[in-house]
Structure formats: structure tokens, C-alpha cells
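Please open the model in a viewer and keep the sequence panel at hand. The tour below proceeds by selection, with a short account of what is found at each stop.

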Amino acid sequence: MIDADQKIRLWQSLLDADQNSRYWRAMTLRFIRRERAAKIFLEMVSACTLVGGGFGRERGWVWQGLSVISAIVSVALPVYDVPRLVESMVELNDKWSQLINDYGEMWTSRNSISDADYQEGMKKAKTIEAELSKKATKLPHDDDELGTKTYNEVLQERQLVPGLKVGEQA
């Protein structure tokens, strides 16, 4: 049977996995939307080039500005390689979701799980977390506001209060 400190570590790991899964899902959606918006912008500028001959003469500075922005975006898209970033973010989300399940199973059996099974489960999970942290360092992940938002979502969904300890009630 595991002790109170182990239960707290398990609970905190479960919440951390939940927050990370939400964070990477949100980042994935953000980058998909940004790439889609950039591609739509490029298509619109290209289409306007074909039909916008008169527009270009009347408002040349606007057209030149859009052309410059379009050129910058078209160069940045392949350099930034959004599909690769999105694929990596999806993988992080999937693995954090699996950790939610792993920690959840351990949490559900917290009153009957042996210390050896707890140690083995936590060792396996923490090894996966270390791999995920390493992968995350290669991705944009410095959005503190999004981190706070996803953290608060976890607290709200689980009906927790910030700073509340395991077993305490609001």
C-alpha cells in the first residue's frame, strides 16, 4: 500500500499530465489555424494578382505592401515547417493523454496498489515524461498565458481550488 506522500505525488502527476495534454492540444489547434490563415492569405493575394490589375494602379502602395507580406509569408511557411511542428505537438498530446490514463489507473487503485507496483508505474511514467520534455524543447512552448488557461481548466473540470491539498475540500 502506498503512503500519503506517494498519493500526493501521484495526484500531482495526474494533474500535470492533464494540463500538458490540454496545452499541447491547444497549441496544435493554434498552429493549424495559423497555417490555414497564412495559406488563405497567400491564395487571396495570388487571386487578386490575376484579377486586380486596376486595383494595383490606383492604390499601388497597398498592393506593394501586400506583395511584400505575401513574399515573406511564402518564404516563412516552409522554413517554419508547420506540418512537422503540428505532428510533433499531436504526438505530445497523445502521449500526455496516455499518461493521464496510466496515472488515472494508479489513482483509482491508490488504496490497494502495492508499493512495488506504484514504484514501477511511476518510474515508467516519469521516463516517458522526461522524453516528452526533451521533445517539447524543440517546439514553441513559451505561452505562459495558455499554460495558465489550461491549468485553470484542469482545476475547474476537477472542481479543485488553487492551493488546495489532496483530501481537502473548498
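Select Val82 to begin. In this predicted model, Val82 has a relative accessibility of 4% and therefore counts as buried, the limit being under 20%. The residue lies in helix α4, which comprises residues 82-108. Next, add Ile32 to the selection: 50 residues separate Val82 from Ile32 in sequence, yet their C-alpha atoms are 7.7 Å apart in space. To see what surrounds the side chain, display Phe31, Glu35 and Leu77, with which Val82 is in contact once neighbours within four places in sequence are set aside.

Keep Phe31 on display and add Arg34. Arg34 lies over the face of Phe31, 5.4 Å from the ring centre.

**The whole chain**

Now zoom out and colour by secondary structure. How many helices and strands does the protein chain have? There are six helices and zero strands, and the order along the sequence reads α-α-α-α-α-α. The protein chain has 170 residues, of which 32% count as buried. Among contacts in the chain with a separation of 6 or more, 88% are between residues 24 or more positions apart. Switching to a surface view shows an accessible surface of about 11,100 Å², with 55% of this surface belonging to carbon and sulfur atoms.

**The aromatic pairs**

Return to sticks and look for aromatic rings. The structure holds two aromatic pairs. For the pair of Trp11 and Trp107, the centres are 4.8 Å apart and the planes stand at 40 degrees, an arrangement that is tilted. Which parts of the chain does this pair tie together? Trp11 belongs to helix α1 (residues 4-51) and Trp107 to helix α4, so the pair links parts that are 96 residues apart in sequence. Trp11 is buried, with a relative accessible area of 15%, and Trp107 is buried with a relative accessible area of 15% as well.

Move next to Tyr23 and Trp24. Their ring centres are 5.2 Å apart and the planes meet at 85 degrees, so this pair is edge-to-face; the cut-off for that class is an angle over 60 degrees. Both Tyr23 and Trp24 are buried.

Before leaving this area of the tour, select Trp107 again together with Arg110. Arg110 lies over the face of Trp107, at 4.0 Å from the ring centre.

**Helix α5**

Select residues 115-136, which form helix α5. This helix has 22 residues and spans 31 Å from its first C-alpha to its last, close to the 32 Å expected at 1.5 Å a residue. Colour Tyr118, Gly121, Met122, Ala125, Glu129, Leu132 and Ala136, which are the buried residues of α5. Then turn the view to look down the helix axis: the buried residues fall within an arc of 95 degrees, so they line one face of α5. As background, an α-helix has 3.6 residues a turn, so residues three or four places apart point the same way. Colour Ala116, Glu120, Lys123, Lys124 and Lys134 in a contrasting shade; these residues are exposed, on the other side of α5.

To relate α5 to another helix, select Glu91 and Lys135. Glu91 lies in helix α4, and its C-alpha atom is 9.6 Å from that of Lys135, although 44 residues separate the two along the chain. Is Glu91 buried, partly exposed or exposed? Glu91 is partly exposed, with a relative accessible area of 29%.

**Helix α6 and the segment after it**

Proceed to Val154, which lies in helix α6. This valine is buried, with a relative accessible area of 2%. Which residues should be displayed around Val154? Leaving aside neighbours within four places in sequence, Val154 is in contact with Leu15, Asp18, Gln19 and Arg22. A distance label between the C-alpha atoms of Val154 and Gln19 will read 6.2 Å, for residues 135 apart along the chain.

The last selection is Gln159, in the segment after α6 (144-157). Gln159 is exposed, with a relative accessible area of 73%. Inspect the backbone here: Gln159 has a positive phi of about 55 degrees although it is not a glycine. For context, most residues other than glycine have a negative phi.

Note on methods:
Residues are numbered from 1 along each chain as its sequence is written. This is a predicted model: local features need pLDDT of at least 70, side-chain atom pairs count only at pLDDT 80 or more; totals for chains, interfaces and linings use all residues. Side-chain values use heavy atoms; hydrogens and water are left out. Helices (H or I, at least four residues) and strands (E, at least two) are DSSP runs, numbered from the N terminus. Buried means under 20% relative accessible area, exposed over 50%, partly exposed in between (1.4 Å probe, protein chains only). The expected span of a helix is 1.5 Å times one less than its number of residues. The arc is that of the directions from the helix axis to the C-beta atoms. Rings of Phe, Tyr and Trp (its six-membered ring) pair if their centres lie within 6.5 Å; planes under 30 degrees apart count as stacked, over 60 as edge-to-face and the rest as tilted. A charge sits over a ring if NZ of Lys or CZ of Arg is within 6 Å of the ring centre and within 35 degrees of the ring normal. Contact means heavy atoms within 4.5 Å. Accessible areas come from the Shrake-Rupley method with a 1.4 Å probe; for residues, only the protein chains shown count as cover.
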